[in-house]
Amino acid sequence: MKYQSQKVAAYYFYCAMALFAAQVTFGLVLGYIYVAPNFLSELLPFNIARMIHTNALIVWLLLGFFGAAYYLVPEESETELHSPKLAILQLVLLMVGASGAVVGYLFRVHEGREFLEQPLWVKLGIVAAALIFLYNITLTVLKGRKTAITNVLLLGLWGIALFFLFALYNPANLTLDKIYWWYVVHIWVEGVWELVMASILAFMMLKLTGVDREVVDKWLYSIVALALFTGLLGTGHHYYWIGTPGYWQWIGSIFSALEVAPFFAMVVFTFVMVWKGRREHPNKAALLWALGCSTLAFFGAGVWGFMHTLAPINYYTHGTQVTAAHGHLAFYGAYVCLNLAIITYAMPHLKNRAPYNQVLNMVAFWLMSGGMAFMTFTLTFAGVVQTHLQRVNGEYFMDVQDQLALFFWMRFGSGVAVVLGVLLFLYAVLMPRKEVVTPGVKTETVPAE
């Protein structure tokens, strides 16, 4: 670790991993409720558990992004962070807001808008934390070296904050509500978050492979252009059936089909960088997570998104288990793997040790990824059956759900595998391996980058 202020990132990563564990735990509970509907029905209704599951996902991913920024920006800018104390204050605000929101949900206090259920005071706290973060990280970049990685990262992070402001506007008209709601949800995950993803992957490729910065920069700007070109108008695939003009079916279908392009470009980028790399980096687990991120994001967000994004297909599949299959693999591949990659890379530096427990870390990758892939296939088949029986044959929703029970049991089993993988990852990252300390022999540390 070159800069002392990078240590702030460790606190963000610790909080992110704690919320990650909570998120998958509630996900497993939800999976079991699908096969045993009365489980915890009085104590923890399905809709409340789902709020906690999805909100924990969003918050821990954001914490990972913020931690990654606090780790890589000082190194890229070649200067200390503007104010580590402000970074800690921001973390406290976010954790207090997240805890308050969860307590509110348990007592049925929420605004009811999916993903944006947080009470107004929590939303305002998030805005305050975002302003602190942008002030802190922007001043750090401005006083130091400017690189393509920090430029793209800043663009993505400013986009996250600006588009979240639409969460504060809740119009009475349902169509308007959904339009502005998608400004947050879609433009985050299929727009500005992709910029954050591209910049963090570019940083990791630079460090793990040793390729020239000029090569990385060219790839990075190309991916960003593709992501913004397709992602912004691709929002139209959410406007098909909410009362908007019919031309959105054409705009949404065309640009959503093109959204596969930036994700495919990321796959090519990461593998070409590794192929051209001149460095044998000791952290093999971080490289595995980085390659897994681009590959699984391409399949989850790109291929599975394309499967039902065209208007004539979406007419039948919208809101079925096909949507759940796409959502799970897309979030896991693009952003969960991204955060786990940067955590795996950064923690040894933050702890001033060589990468440890790498085999366990890589086993965790295959266990989590295998479980998520199986879950995706299971939900896809369930969605196809559901679409035919419910949307084509016209059978009642609950009658169809009964016929999907086998798929839901299989989904629950894959969820168990994912949770086991998460626990193994946390152990591998947080628990140093036992070493025999020989008198007079220096303890192994992270090699200089």
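Here are a few friendly notes on the domain layout of this predicted model, with a closer look at one interface and one residue.

1. Let's start with the overall division. The domain assignment splits the protein into domain 1 (1-146), domain 2 (161-281) and domain 3 (300-430). The points on packing below concern domain 1 and domain 2, whose C-alpha centres lie 20 Å apart.

2. Next, the extent of that interface. Domain 1 brings 22 residues into contact with 20 residues of domain 2. About 1,800 Å² is buried between domain 1 and domain 2, and carbon and sulfur atoms give 74% of this area. On the domain 1 side, F65, R113 and L116 lose the most area to domain 2, together 32% of what that side buries.

3. Now the polar part. The rule finds 3 salt bridges across the interface of domain 1 and domain 2, and 6 residue pairs are in polar contact between these domains, both residues being at pLDDT 80 or more. Helices α2 (46-77) and α4 (120-143) each supply at least two residues of the domain 1 side that touches domain 2. The largest share of that side, 9 residues, comes from α2. By class, the side has 15 nonpolar, no polar and 7 charged residues.

4. A salt bridge you may like to display is that between the side chains of E75 and K207, at 2.8 Å, N to O.

5. Finally, a look at F264, which sits in helix α9 (residues 260-276). Is F264 buried or partly exposed? Its relative accessible area is 44%, so F264 counts as partly exposed. F264 and Y221 are 43 residues apart in sequence and 15 Å apart in space, C-alpha to C-alpha.

Methods
Residues numbered from 1 in each chain as written. Predicted model: local features only at pLDDT ≥ 70, side-chain atom pairs only at ≥ 80, totals over all residues. Heavy atoms only, no water. Helix = DSSP H or I, 4+ residues; strand = E, 2+ residues; numbered from the N terminus. Buried < 20%, exposed > 50% of the residue type's maximum accessible area, 1.4 Å probe, protein only. Domains from an automatic or database assignment. Contact = heavy atoms within 4.5 Å. Buried area = accessible area lost by both parts, 1.4 Å probe. Salt bridge = Lys/Arg side-chain N within 4 Å of Asp/Glu carboxyl O. Polar contact = N/O pair within 3.5 Å; in protein donor to acceptor, adjacent residues only side chain to side chain. Nonpolar A, V, L, I, M, F, W, Y, C, P; charged D, E, K, R; others polar.
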